[in-house]
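Work through the exercises below with the sequence and the model in view. Try each task before reading its solution.

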Amino acid sequence: MTNFVKPFRYVMQIALSVTFMLGIGNCLAAEGQQNELPQVIIETSEGAIEVTLRPDIAPETVENFITYAKNGFYEGTLFHRVIPGFMIQGGGFDQDLNQKQTRSPIRNEARPTAKNLRGTIAMARTSSPDSATSQFFINLTDNDFLNAGVRGPGYAVFGKVTGGMGVVDAIASKKTVRSRGMADVPQEPVIIRSVSVRQTDTATE
């Protein structure tokens with residue numbers, strides 16, 4: 001009669017192989033969790049903009065932005081400064097062009113390796129490097145002169161548009177006027193209706 005019982009060494013080989021494969025699976029799952037980057041959806045009167053944030057290069061900046069988003073701070077604010085071929089800026093003024101009360105300024109996390117390329121999102125600030133609060137801008141082109149070390153401390157990039165760049169370009173095409181002492185204000189208001197946070201896995205990008 002044929003013996004269908006495998007020798008012990010073969011059973012052990014199979015068991016070790018299964019254990020090894022499970023170990024690889026667990027490592028990949030853990031790596032996937034570590035690779036998750038937060039995403040935000042900026043809903044505007046012109047459409048939705050999807051932005052993937054980079055806490056790995058600007059952790060304090062991302063935390064600051066997400067805090068404003070979760071608190072509903074950006075709801076009803078404007079893209080109040082639009083300059084074609086440069087950038088669109090928003091997140092600080094309401095629809096009457098009144099500046100909103102913000103949290104304390106954050107440290108400038110600009111770094112030479114995180115460049116202000118087309119589609120990246122960065123923090124707006126005054127001439128003081130560590131003065132950014134809620135306002136941000138999206139680069140319409142590669143703005144090398146905004147990078148750290150080119151003309152000073154630079155402007156902190158903390159993410160990139162990964163969906164809806166057409167909406168960004170549509171906002172950039174808006175006719176602008178001077179209003180309430182500010183230049184480059186869209187004549188037709190571009191309203192930020194909400195900024196919502198969700199998670200994504202970089203392995204799928």
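**Exercise 1.** Find where serine 134 is placed in the chain, decide whether serine 134 is buried or exposed, and list what serine 134 touches.

*Solution.* Begin with the position: serine 134 sits in the loop that runs between β5 (120–123) and β6 (136–139), where strands (E, at least two residues) and helices (H or I, at least four residues) are DSSP runs numbered from the N terminus. This is a predicted model, in which local features need pLDDT of at least 70 and side-chain atom pairs count only at pLDDT 80 or more, while totals for chains, interfaces and linings use all residues. Residues are numbered from 1 along each chain as its sequence is written, and side-chain values use heavy atoms, with hydrogens and water left out.

Next comes accessibility: serine 134 has 1% relative accessibility and therefore counts as buried, a word that means under 20% relative accessible area, with exposed meaning over 50% and partly exposed in between (1.4 Å probe, protein chains only). Then look for contacts, that is, heavy atoms within 4.5 Å. When residues up to four places away in sequence are not counted, serine 134 touches Tyr68, Phe73, Tyr74, Gly90, Gly91, Gly92, Thr102 and Met123. Finally, the side chain of serine 134 reaches the backbone oxygen of glycine 91 at 2.8 Å. This is judged by the rule for a polar contact, a pair of N or O atoms within 3.5 Å, where within protein one must be able to donate a hydrogen and the other to accept it, and residues adjacent in sequence count only if both atoms are side-chain atoms.

**Exercise 2.** Describe helix α2, name its buried residues, and say what glycine 72 does just after the helix.

*Solution.* Helix α2 covers residues 59–70, which makes 12 residues, and from its first C-alpha to its last it reaches 16 Å, close to the 16 Å expected at 1.5 Å a residue; the expected span is 1.5 Å times one less than the number of residues. The buried residues of α2 are Thr61, Val62, Asn64, Phe65, Ile66, Tyr68 and Ala69. An α-helix has 3.6 residues a turn, so residues three or four places apart point the same way. Just after α2, glycine 72 takes a positive phi of about 75°.

**Exercise 3.** Which residues line the largest cavity, and how does glutamate 109 fit into its surroundings?

*Solution.* A cavity is sought on a 1 Å grid over the protein atoms alone, as a set of points where a 1.4 Å probe fits but cannot get out, and lining residues have an atom within 4 Å of a point. The count comes to 1 cavity of 30 Å³ or more, and about 50 Å³ of space lies in the largest cavity. Its lining is formed by Thr61, Ile106, Arg107, Asn108, Glu109, Met123, Arg125, Pro129, Ala132, Gly154, Tyr155 and Ala156.

Turning to glutamate 109, this residue lies in the loop between β4 and β5 and, at 7% relative accessibility, counts as buried. Its contacts, leaving aside neighbours within four places in sequence, are Ile57, Ala58, Pro59, Glu60, Thr61 and Ala156. The side chain of glutamate 109 also reaches the backbone nitrogen of glutamate 60, at 3.1 Å. Glutamate 109 and tyrosine 155 are 46 residues apart in sequence, yet their C-alpha atoms are 7.9 Å apart in space.

**Exercise 4.** Place leucine 97 and asparagine 98, and find which residue the side chain of asparagine 98 meets in a polar contact.

*Solution.* Leucine 97 belongs to the loop between β4 (87–90) and β5, and asparagine 98 is in the loop between β4 and β5 as well. Leucine 97 is buried, with a relative accessible area of 10%, whereas asparagine 98, at 33%, counts as partly exposed. Although leucine 97 is not a glycine, this residue has a positive phi of about 60°.

For asparagine 98, contacts outside the four nearest places in sequence are with Gly92, Phe93 and Arg180. The side chain of asparagine 98 makes a polar contact with the side chain of arginine 180 (3.2 Å), and the two residues, 82 apart in sequence, have C-alpha atoms 9.1 Å apart.

Technical notes: On a 1 Å grid over the protein atoms alone, a cavity is a set of points where a 1.4 Å probe fits but cannot get out, and a pocket is an open set with protein on both sides within 12 Å along at least five of seven lines; lining residues have an atom within 4 Å of a point. Grid points are joined across faces, edges and corners, and a volume is the space filled by probe spheres set on the points.
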